[in-house]
Amino acid sequence: MNDEPEMVTDAERKMQFLYALRSKGVTDNQVLGAMEAVDRGPFIRGLFAERAYEDMPLPIACGQTISQPSVVGLMTQALEISPRDKVLEIGTGSGYQAAILSKLARRVYTIDRHRRLVHEARVIFDALDLNNITAITADGSHGLPEQAPFDRIIVTAAAEDPPGPLLAQLKEGGIMVLPVGQSDAVQHLIRVRKTADGLKYDEMRAVRFVPLLEGLGKEA
Ligand code: SAH
């Protein structure tokens, strides 16, 4: 035995990261492949950068958080994305979730109410050559009417109910995944399928997301 700190190689860190995802129920190989391909490191700056490969949410700029990788995986898996899909994300945050979506879908539109987050995410998308993502500063609760309808919609901030405009902008046959519930109480991930017979809801696990807020963010 010696007192040297144990060295963890990049390959080992990646294996641990994927193992944690699998053990929390992320089993879809396409999703795991996308999460293996996109390094979470660049999406986290400063103090917490070294914890990028742990399965935990971390603080980012503007008082927001990058979601826990296993939650990103479960939400992505629940979307059942196919390569021709046009996807809308509300809540760009760090851009990590959008980057994962971009590996699975044809086109990703992602909206955040904080201009600074959108700007920083764009810089990373460019650096990583993710050319099928359009990042927009706006209040995403109105959706993106000029690009609607969408095959898939994901909301990564919690509302009390699924916003009406987003349900309206979902294609028939489409799927939307979002957390619902009050921001200071228990929230649940739900999946909404839009069928010819109407909307079908199923409830997934309990989660904790920052709230979906109205209007644009005040810049720090
Ligand atoms: N998906 C992100 C994490 C999102 S954190 C990631 O992968 O890192 C939730 C984000 O939702 C925050 O950045 C917050 O600014 C944004 N948000 C909250 N309300 C919003 C709204 N009405 N429209 C657009 N973005 C909103």
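This short talk covers two helix packings and two pockets in one structure. Keep in mind that the model is predicted.

Let's start with the helices. Two packed helices are described by the angle between their axes and the distance between the axes.

Take H1 and H2. Helix H1 covers residues 10-23, and helix H2 covers residues 29-37. They pack at about 150°, and their axes lie 11 Å apart. The crossing of H1 past H2 is right-handed. Which residues make the contact? From H1 come Lys-14, Phe-17, Leu-18, Leu-21 and Arg-22. From H2 come Leu-32, Met-35 and Glu-36. Sort the contact of H1 with H2 by class and you get five nonpolar, no polar and three charged residues.

Now turn to the other packing, H2 with H4. Helix H4 runs over residues 96-104. The axes of H2 and H4 come within 9 Å and cross at roughly 125°. That angle makes H2 oblique to H4. H2 passes H4 in a crossing that is right-handed. On the H2 side, the contact uses Gln-30, Val-31, Ala-34, Met-35 and Ala-37. On the H4 side, Tyr-96, Ile-100, Lys-103 and Leu-104 take part. The classes here are seven nonpolar, one polar and one charged. Met-35 appears in the contact with H1 and in the contact with H4.

On to the pockets. Rolling a probe the size of a water molecule over the atoms shows where empty space is left.

How big is the largest pocket? Its volume is about 540 Å³. The lining of this pocket counts 36 residues. Nearest its centre are Thr-65, Thr-156, Ala-157, Phe-209 and Val-210. Several elements give two or more residues each to this lining. Among them are helix H3 (69-79), H4, and strand S9 (198-207). Strands S2 (65-66), S3 (86-90) and S4 (107-112) do so too. By class, the lining of the largest pocket has 15 nonpolar, 15 polar and six charged residues.

The second largest pocket has a volume of about 170 Å³. Which helix gives the most to its lining? H1 does, with four residues. H2 also supplies at least two. The lining includes Asp-10, Arg-13, Lys-14 and Phe-17. Met-35, Glu-36 and Ala-37 are there as well, along with Val-38, Asp-39, Arg-40 and Tyr-53. The lining of this pocket has five nonpolar, no polar and six charged residues.

One link to finish. Lys-14, Phe-17, Met-35 and Glu-36 line the second largest pocket, and these residues also take part in the contact of H1 with H2.

Conventions. Residues are numbered from 1 along each chain as its sequence is written. This is a predicted model: local features need pLDDT of at least 70, side-chain atom pairs count only at pLDDT 80 or more; totals for chains, interfaces and linings use all residues. Side-chain values use heavy atoms; hydrogens and water are left out. Axes are lines fitted to C-alpha atoms, for helices over the stretch in contact, and angles run from 0 to 180 degrees between N-to-C directions. Angles under 35 degrees count as roughly parallel, over 145 as roughly antiparallel, 65 to 115 as roughly perpendicular and the rest as oblique. A crossing is left-handed if the near helix is turned anticlockwise from the far one by less than a right angle, and right-handed if clockwise. Contact means heavy atoms within 4.5 Å. Ala, Val, Leu, Ile, Met, Phe, Trp, Tyr, Cys and Pro count as nonpolar, Asp, Glu, Lys and Arg as charged, and the others, Gly among them, as polar. On a 1 Å grid over the protein atoms alone, a cavity is a set of points where a 1.4 Å probe fits but cannot get out, and a pocket is an open set with protein on both sides within 12 Å along at least five of seven lines; lining residues have an atom within 4 Å of a point. Grid points are joined across faces, edges and corners, and a volume is the space filled by probe spheres set on the points.
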